[in-house]
Amino acid sequence: MKNLFSKSALASLSLSLPISLTISLTLGLTLSPAIAAPPDAQSILAASDAVRNPDFPFGLTTTLIEYRNGKQTDSSTLAVYSRADTKSGQFRNLIRFVAPARDANKLMLKNGNDLWFYDPANKASIRISPQQRLLGQAANGDVVTVNLAKDYQASLAAEEDTQDGERQTRHCYKLALAAITPDVTYHHIELWIDTSNNHPIKARYYTESARLLKTAYFRHYQKQLGQERPTETVIIDGLDPQWVTLLRLSDYAKREVPEAWLQRDYLSRFKPD
């Protein structure tokens, strides 16, 4: 800040003022407060990705439970194997259906933004959409591991308080995410991230026409593979709040995910270890 007084004028002024006031005036004229740079939205999003996902190959169990009007109507259990691509940084996934028995050993492969479904009954693999519903409010794209910062451009929409999935108030960055790659699950997303620890708290998912598809709450944070991570996601239908799907993550384990498992041609030969 430029000094608005000459040295002689300041010296003359200081003779007629109390010492404490003279010091305050001098400091005020010579020092300017540091202006904090606004937080970088893309960096916040990447930090939130790191909370959800380990940076090494891993496996876990995903359990989906569907509720309508408070009553359980369906469930499914999946074994998920994930490994980040060294070039793109995006995760590649192999998903094995465990239960119910009618779906056991069916497979789903995510390689890049390509998603393939394999049914051992007919030994055929077909390309599927990540937007297609898997169970309840959970789409195919909801059960695969993704780094949102690789597929979306983030901007900081607000900094505000919001309630989390356990009815606690959290001070959050509200990010607006716009898809930058094709074939992603959602056209755009609103995401609330805790300012104190980068924990994802809540998300709203929209169609291209801005229709709200669903709201999700990330909750029950537990220490898993060296990091506090959400172990449950509550997904609520955008039109019917009585249609709820619980996505529960368990059995986290650091493990090898061979390159062969992540190839479409290998699906017919895959055997879980």
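1. The structure, which is a predicted model, holds 16 salt bridges. As background for a newcomer, side chains of opposite charge can pair when their charged atoms come close. The points below take up some of these bridges one by one, and then turn to the rings and the empty spaces.

2. One of the salt bridges joins Arg92 to Glu259, and the closest N and O atoms of the two side chains are 2.8 Å apart. This pair links distant parts of the chain, since Arg92 belongs to strand β3 whereas Glu259 lies in the segment after β15, with their positions 167 residues apart in the numbering. The two partners should be described with care: Arg92 counts as buried, at 9% relative accessibility, while Glu259, at 35%, counts as partly exposed. The bridge also belongs to a wider arrangement, in which Arg83, Asp85, Arg92 and Glu259 are linked in a network of salt bridges.

3. A further salt bridge is the one in which the side chains of Asp237 and Arg133 meet, with an N to O distance of 3.9 Å. Here too the pair links distant parts of the chain, with Asp237 in strand β14 (residues 227-237) and Arg133 in strand β7 (residues 133-135), 104 residues apart. Asp237 is buried, with a relative accessibility of 12%, whereas Arg133 has a relative accessible area of 48% and is therefore partly exposed. The cut-off matters for this reading, because partly exposed covers the range between under 20% for buried and over 50% for exposed.

4. Arg170 and Asp164 also meet through their side chains in a salt bridge, at 2.9 Å from N to O. Which of these two partners is buried, and which is partly exposed? Asp164 is the buried one, at 8% relative accessibility, and Arg170 is partly exposed, at 31%.

5. Turning to the rings, the count comes to seven aromatic pairs. In one of them, the rings of Tyr81 and Trp261 have centres 5.2 Å apart and planes at 75 degrees, so this pair is classed as edge-to-face. The pair links distant parts of the chain: Tyr81 sits in strand β2 (residues 71-84) and Trp261 in the segment after β15 (243-254), 180 residues apart. Tyr81 is buried at 6% relative accessibility, and Trp261 is likewise buried, with a relative accessible area of 7%.

6. Phe97 and Phe117 make another edge-to-face pair, because their ring centres are 6.1 Å apart and their planes stand at 90 degrees. Phe97 lies in strand β3 (residues 91-99) and Phe117 in strand β5 (residues 114-119), so the pair ties together parts of the chain that are 20 residues apart in sequence. Phe97 counts as buried, at 5% relative accessibility. Apart from this pair, Phe58, Phe91 and Tyr252 form one aromatic cluster.

7. Two contacts between a charged side chain and a ring also deserve a look in the structure. Arg68 lies over the face of Trp243, at 3.8 Å from the ring centre. The charged end of Lys202, in turn, sits over the ring of Trp192, 4.3 Å from its centre.

8. The remaining points concern empty space, and rolling a probe the size of a water molecule over the atoms shows where such space is left. The largest pocket has a volume of about 270 Å³, and it is lined by 18 residues, of which Gln131, Tyr186, Thr207, Arg211 and Leu213 lie nearest its centre. Strand β13 (residues 212-224) gives the largest share of this lining, with three residues. By class, the pocket lining has six nonpolar, six polar and six charged residues.

9. How many cavities of 30 Å³ or more are there? The count comes to one cavity, and the largest cavity has a volume of about 690 Å³. Of the 38 residues that line the largest cavity, Arg52, Gly141, Asp142, Val144 and Val146 are the closest to its centre. The elements that each supply at least two residues of this lining include α3 (41-52), β1 (58-68), α4 (148-151), β11 (188-194) and β12 (200-206), and β13, β14 and β15 are also among them. By class, the lining of the largest cavity has 24 nonpolar, eight polar and six charged residues.

Methods. Residues are numbered from 1 along each chain as its sequence is written. This is a predicted model: local features need pLDDT of at least 70, side-chain atom pairs count only at pLDDT 80 or more; totals for chains, interfaces and linings use all residues. Side-chain values use heavy atoms; hydrogens and water are left out. Rings of Phe, Tyr and Trp (its six-membered ring) pair if their centres lie within 6.5 Å; planes under 30 degrees apart count as stacked, over 60 as edge-to-face and the rest as tilted. Helices (H or I, at least four residues) and strands (E, at least two) are DSSP runs, numbered from the N terminus. Buried means under 20% relative accessible area, exposed over 50%, partly exposed in between (1.4 Å probe, protein chains only). A charge sits over a ring if NZ of Lys or CZ of Arg is within 6 Å of the ring centre and within 35 degrees of the ring normal. A salt bridge is a side-chain nitrogen of Lys or Arg within 4 Å of a carboxyl oxygen of Asp or Glu. On a 1 Å grid over the protein atoms alone, a cavity is a set of points where a 1.4 Å probe fits but cannot get out, and a pocket is an open set with protein on both sides within 12 Å along at least five of seven lines; lining residues have an atom within 4 Å of a point. Grid points are joined across faces, edges and corners, and a volume is the space filled by probe spheres set on the points. Ala, Val, Leu, Ile, Met, Phe, Trp, Tyr, Cys and Pro count as nonpolar, Asp, Glu, Lys and Arg as charged, and the others, Gly among them, as polar.
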